[in-house]
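Trainee: Before I use words such as contact, burial and sheet in my own notes, please take me through what each of them rests on.

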Amino acid sequence: MDEQRLRDLKLLRKVRDRMDREYAQPLNVEALARGVNMSAGHLSRQFKAAYGESPYSYLMTRRIERAMALLRRGDVSVTEVCFAVGCQSLGTFSTRFTELVGVPPSTYRNQATFETAGIPSCVAKQVTRPIRNREASDSEPQLA
Amino acid sequence: MDITINTSFLPHTDPEESLAFYRDALGFEVRKDVGYADMRWITIGPAGRPDMNIVLTPPAADPGVTDDERRTIAEMMAKGTYASIMLATADVDGLFEKVAASGADVMQEPTDQPWGARDCAFRDPAGNTVRIQQQS
């Protein structure tokens, strides 16, 4: 077993867990890389090799995922949601949201039809997770 | 027919580290501890619930697992994509404070999820996801 490789993967896990934990903070790849004593470029390459997407992409996906949950509540504005999930630019937020979800956040908020009540949280988290790589083709959540 | 889920299995990479998490931080009791060195099978569970067991196992101890598969499992555990479990408690915030104070890796602070649950999550020392839900 390559012990060095396992140690590196554990560092990447710490970075990913930190994004899951602190996504609402103004995190960026430089700060994440500093936290594990890597350069930003090295972290991005290693993270993508391990998880299939860059840390920036993962962080934005995590933010959009939470934004979808907040928008489904229906009582929070798109601007409030944008800042609540750690995005500092409404333009970047809306663009990325639309790429991932297939509809702009305002449209999604108005539809807000996806019902997850009663689904175990681990499953709901997976099925409502936005689809990365711009695979979304319509406004219906994909369950498989 | 009444069927209960009696025993689940979670892999460990360092039995003492995992014991520190499950026994000392979460407060589970140790019911059985067999094997030696890193090849230990440790049965744990919540006090007063002898029908609920988790066995902390060496990963991929089955001799039918190939070296390639063993390497993949070790890498997935290190990445944090291999195993997970969901627990429930009447006081998720109180338990979160206790476990976080032990120095465990926090994945998610207690959060009201849109599907109605309030939960938090930790990374156990072997890289398993331990999600803890507020009992409804």
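Mentor: Let us begin with contact: two residues are in contact if their C-beta atoms, placed from the backbone, lie within 7 Å. This is a predicted model, in which local features need pLDDT of at least 70 and side-chain atom pairs count only at pLDDT 80 or more, while totals for chains, interfaces and linings use all residues. Residues are numbered from 1 along each chain as its sequence is written, and chains are lettered from A and ligands numbered from 1 in the order in which they are written.

Trainee: Which residues does B:Val30 touch, leaving out those up to four places away in sequence?

Mentor: By that criterion B:Val30 touches B:Arg23, B:Ile42 and B:Ile44. B:Val30 itself lies in strand 2 of chain B, where helices (H or I, at least four residues) and strands (E, at least two) are DSSP runs, numbered from the N terminus.

Trainee: What makes B:Val30 count as buried, exposed or partly exposed?

Mentor: A residue is buried if 20 or more other C-beta atoms lie within 10 Å of its own, exposed if 12 or fewer, and partly exposed in between. B:Val30 has 13 C-beta neighbours inside 10 Å and therefore counts as partly exposed. B:Thr13, in the loop between strand 1 and helix 1 of chain B, has 19 such neighbours and so falls into the partly exposed class as well.

Trainee: How far apart in space are B:Thr13 and B:Ala126, and what does B:Thr13 touch?

Mentor: B:Thr13 and B:Ala126 are 113 residues apart in sequence and 5.4 Å apart in space, C-alpha to C-alpha. Sequence neighbours up to four places away aside, B:Thr13 touches B:Pro59, B:Met77 and B:Ala126. B:Val30 and B:Thr13, on the other hand, are 17 residues apart in sequence and 18 Å apart in space, again C-alpha to C-alpha.

Trainee: Why are strand 1 and strand 2 of chain B said to stand at the edges of their sheet?

Mentor: Two strands pair if DSSP finds at least two bridges between them. On that basis 4 strands of chain B form an open sheet in the order 1-4-3-2, with mixed pairing. Strand 1 (7–11) and strand 2 (29–36) of chain B each have a single partner strand, so one side of each is left without a neighbour in the sheet. Strand 2 of chain B meets strand 3 (residues 39–45) of chain B in the antiparallel sense over 7 bridges, and B:Glu29 stands opposite B:Gly45 in strand 3 of chain B. Helix 1 (residues 15–25) of chain B packs on this sheet and touches strand 2, strand 3 and strand 4 (53–57) of chain B.

Trainee: What is the order of the strands in the sheet that holds strand 5 of chain B, and why are strand 5 and strand 6 of chain B placed at the edges there?

Mentor: That open sheet of 4 strands in chain B has the order 5-8-7-6, and the pairing is mixed. Strand 5 and strand 6 of chain B have a single partner strand each, so each has one side without a neighbour in the sheet. Strand 6 and strand 7 of chain B run antiparallel and are joined by 5 bridges, with B:Gln108 opposite B:Ala121 in strand 7 of chain B. Helix 1 of chain A packs on the sheet, touching strand 6 and strand 7 of chain B.

Trainee: Why is the packing of helix 1 of chain A with helix 3 of chain A called parallel, antiparallel, perpendicular or oblique?

Mentor: Axes are lines fitted to C-alpha atoms, for helices over the stretch in contact, and angles run from 0 to 180 degrees between N-to-C directions. Angles under 35 degrees count as roughly parallel, over 145 as roughly antiparallel, 65 to 115 as roughly perpendicular and the rest as oblique. These two helices pack at an angle of about 95°, with their axes 10 Å apart, and helix 1 and helix 3 of chain A are therefore roughly perpendicular to each other. Among the residues that meet are A:Leu9 and A:Leu12 in helix 1 of chain A and A:Leu43 and A:Phe47 in helix 3 of chain A.

Trainee: What makes a group of residues a nonpolar core, and which elements give two or more residues to the largest core?

Mentor: A nonpolar core is a set of buried Ala, Val, Leu, Ile, Met, Phe, Trp, Tyr and Cys residues joined through C-beta atoms within 7 Å. The largest has 33 residues, and A:Ile64, A:Ala67 and A:Met68 have the most contacts inside it. Helix 1 to helix 6 of chain A contribute two or more residues each, together with helix 2 of chain B. Its largest share, 9 residues, comes from helix 4 of chain A. Another core lies apart from it, with 20 residues that include B:Ile44 and B:Leu56.
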